[in-house]
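I opened this notebook to record what I looked up, entry by entry, in the model shown below.

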Amino acid sequence: MPKRTRFTTWRPLATAATAALLATLLTPAAAEAAPRGSEPVYSYENAIREAVWVDTGLDGDRDGRTDRVAVDIVRPRETARQGRKVPVIMDASPYYSCCGRGNESQKKTYDAQGRVAQMPLYYDNYFVPRGYAFVGVDLAGTNRSDGCVDVGGRSDIRSAKAVVDWLNGRAKAYTSRTGTTRAQAGWTNGRTGMIGKSWDGTIANGVAATGVKGLKTIVPISAISSWYDYYFQQGAPLYDSGPEWLSDYVDSPDARAKCGAVQQKLVDGAPRTGDWTPLWTERDYVKAARKVKASVFLIHGLQDLNVRMKHVGQWWDALAKNGVERKIWLSQTGHVDPFDFRRGPWVETLHRWFDHELMGYDNGIDREPMADIERGPDRWTTSEVWPPSGTRAATLRPDRGDQAGVGTLGLHRGHGTESITDDPKLSETDWAAHLDKPTPEKAGFATGPLTRDLRLSGSSEVTVTATPSTPTAHLSAVLVDIGPARIRDYADAGEGITTLTDRTCWGASTTGDSSCFKETKAKTADVDYTVVSRGWADLGNHASDHRGTPLTPGKRYTITLDLAATDHVVPKGHRLALIVAGTDQGLIDPPSDRPALTLDLSRTSARVPFVGGATAFARATTDAASATPDATVLDGVREPRTTHRVPEANQ
């Protein structure tokens, strides 16, 4: 398991000199009371609000001039008068005009002079009075920017990277979209932190993966780490359309008129076969993790079925391998911002994180546990490192039971076969609900009731050997905790939260930009089972994750499915189950055929990371009851929603 990476504390010269002077002149008690964080001492109402257009050096819309992206800035007026340079918090987004940001879908609004009047979310309200500048960037092809949206590609990433370059004196900006008057960023020290949810957080990942100088930290929330894995998993299509739909969804009217060629490239470069193409290579940030110099504070929902947890596992592991400083929060929600599931602790933690990373305060956040994990609604625990020390993969083996499709799960090699017939009308919720009943669409394998708690932490994989009856076949594998629990209802429209009518305020306000937002509470469900982790694949990709081939009916194939990262405790008395099936309705699209599949259990297994490894699993299953449970129908959350998703909540 990756060891914990400690932070290097950076402190600006002025701060260090002040601290040294205080240590010399003040009594020990007074020195101890010296500020450990930024305070709201600057006027938000009188803050400087301005817009510049940064030249990206690209001509994506082919109008004969390089594209400029709009950058709206809110920064303290007092520091500008004093000649003090400030750090920057930046959110680069395609959503500022088309769709809105946050739980209340806020959009940018402007005054008569074209200056931003309302900046969505609370970042500017809270951080500008504390001595930060906030920068909201319209990605190329959106809102007031030139260019075209290319969904995580060169244009998207260059849009934001060019702004970081400008903040550090390496790029050109202008005071208008088409004018020649230059704008300088002499008011900033260049130290930039990027933040954002979903597509915005994805841009932060992508910019960090360029290794751009001046980007000191990123806070990606529910973010994509590789765009292929947003649309496919090992050849299995997760949606019935590609990135061209998403580009059209956020394009400005001007971009729609000019960006037909870019749209066509997205269509041609992302075939629905699920094969890997150069388009996906360009949008894979994991492969460039070695270039990341910024620290990473990652936040994600364990039940996010939009940007799925696979994005977390592969990105986190790549960052750890390359020694990147990092911190993580994992909630029980779906695609939800921490401001809406843990508001007070979140704002406090984010404040301390930026103070440490951008202002150099030695506030102790680098010496605190690496991970915060939600175990139940509003019930949090921490881990010193993540995954925890002592976490090791154990190889679990499915075996036949007394009834067809209802088997056991243990450490000893299985035998015989099981048969399943793909039913694209059914999903993981149907399979788990009928785990203990023979049904044709799935094969389920479970331990007996555990004799002690068992913690899974990290990414699993399931190797399946199957013989199909048709030239095409899709496979799904899920790990399930069988037992009663109260969880966040991630399948509800709010994905684990309910929005209330009361408001709380987080920072200063103006007439045009309120810092007050609707409160939320956990939306819970009482269930008999919880799906812990999922994975899918096209069996035609058995020889390569990147390219599929037609299957020969009657021939045996072996494929390993990558399951999403998780952190879950299966309590004493519950059972751990592995289910293998075909199409997971609502989460992957079905194959062309409706195959029957024969599973060779002697060649099928699951590698699952347990805290304590195989020893912990053996101890938890020792003397576990082996009697066949009652074949009752189990209650869970509703089946996954099948509406067309975009990488943002409430859309």
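**Strand 29 and its partners**

I began with strand 18 (residues 417–421) and strand 29 (residues 596–600), which pair in the antiparallel sense over 5 bridges. I noted that glutamate 418 has leucine 599 of strand 29 as its bridge partner. I then found that strand 21 (residues 461–468) also runs antiparallel to strand 29, joined to it by 3 bridges, and that alanine 466 has leucine 599 in strand 29 as its bridge partner. I should keep in mind throughout that this is a predicted model.

**Valine 464**

Staying with strand 21, I looked up valine 464, which is found in that strand, and I asked myself whether valine 464 is buried or exposed. Valine 464 counts as buried, at 1% relative accessibility. Leaving out residues up to four places away in sequence, I listed what valine 464 touches: Leu475, Tyr557, Thr558, Ile559, Leu561, Val580, Leu599, Arg603 and Thr604. For one of these, arginine 603, I noted that its C-alpha atom is separated by 6.8 Å from that of valine 464, although the two residues are 139 residues apart along the chain.

**The open sheet**

I next traced an open sheet of 11 strands, in the order 7-1-2-6-3-8-9-12-13-14-15, with mixed pairing. Strand 7 (173–174) and strand 15 (379–383) stand at its edges, and each has a single partner strand, so one side of each is left without a neighbour in the sheet. Inside this order I checked strand 8 and strand 9, which pair in the parallel sense over 6 bridges, with lysine 197 having isoleucine 221 of strand 9 as its bridge partner. Strand 9 is largely enclosed by the rest of the structure, because 6 of its 7 residues are buried.

Further along the order, I recorded that strand 12 (residues 295–301) and strand 13 (residues 326–331) pair in the parallel sense over 6 bridges, and that glycine 301 stands opposite serine 331 in strand 13. I also looked at helix 13 (residues 343–359), which lies across strand 3 (86–93), strand 8 (188–197), strand 9 (215–221), strand 12 and strand 13, and which runs at about 160° to strand 9.

**Aromatic rings**

I counted from the listing that the structure holds 30 aromatic pairs. The rings of tyrosine 122 and tyrosine 123 have centres 4.7 Å apart and planes at 55°, so I entered this pair as tilted; both tyrosine 122 and tyrosine 123 are buried. For tyrosine 126 and phenylalanine 127 the ring centres are 5.0 Å apart and the planes stand at 75°, so this pair is edge-to-face. Tyrosine 126 is buried, with a relative accessible area of 9%, and phenylalanine 127 also counts as buried, at 1% relative accessibility.

I then noted one aromatic cluster formed by Tyr95, Trp199, Trp227, Tyr228, Tyr230, Tyr231, Phe232, Tyr239, Trp276 and Trp280. Turning to charges over rings, I found the charged end of arginine 308 over the ring of tryptophan 536, 4.9 Å from its centre, and the charged end of arginine 326 over the ring of tryptophan 316, 5.3 Å from its centre.

**Confidence**

I closed with the confidence values: the mean pLDDT of the chain is 93, and 92% of its residues reach 70 or more. Over residues 1–31, however, pLDDT stays under 50, and the model has 52 contacts beyond four places in sequence for that stretch.

Note on methods: Residues are numbered from 1 along each chain as its sequence is written. This is a predicted model: local features need pLDDT of at least 70, side-chain atom pairs count only at pLDDT 80 or more; totals for chains, interfaces and linings use all residues. Side-chain values use heavy atoms; hydrogens and water are left out. Rings of Phe, Tyr and Trp (its six-membered ring) pair if their centres lie within 6.5 Å; planes under 30 degrees apart count as stacked, over 60 as edge-to-face and the rest as tilted. Buried means under 20% relative accessible area, exposed over 50%, partly exposed in between (1.4 Å probe, protein chains only). A charge sits over a ring if NZ of Lys or CZ of Arg is within 6 Å of the ring centre and within 35 degrees of the ring normal. pLDDT is the predictor's confidence in each residue, from 0 to 100. Contact means heavy atoms within 4.5 Å. Two strands pair if DSSP finds at least two bridges between them. Helices (H or I, at least four residues) and strands (E, at least two) are DSSP runs, numbered from the N terminus. Axes are lines fitted to C-alpha atoms, for helices over the stretch in contact, and angles run from 0 to 180 degrees between N-to-C directions.
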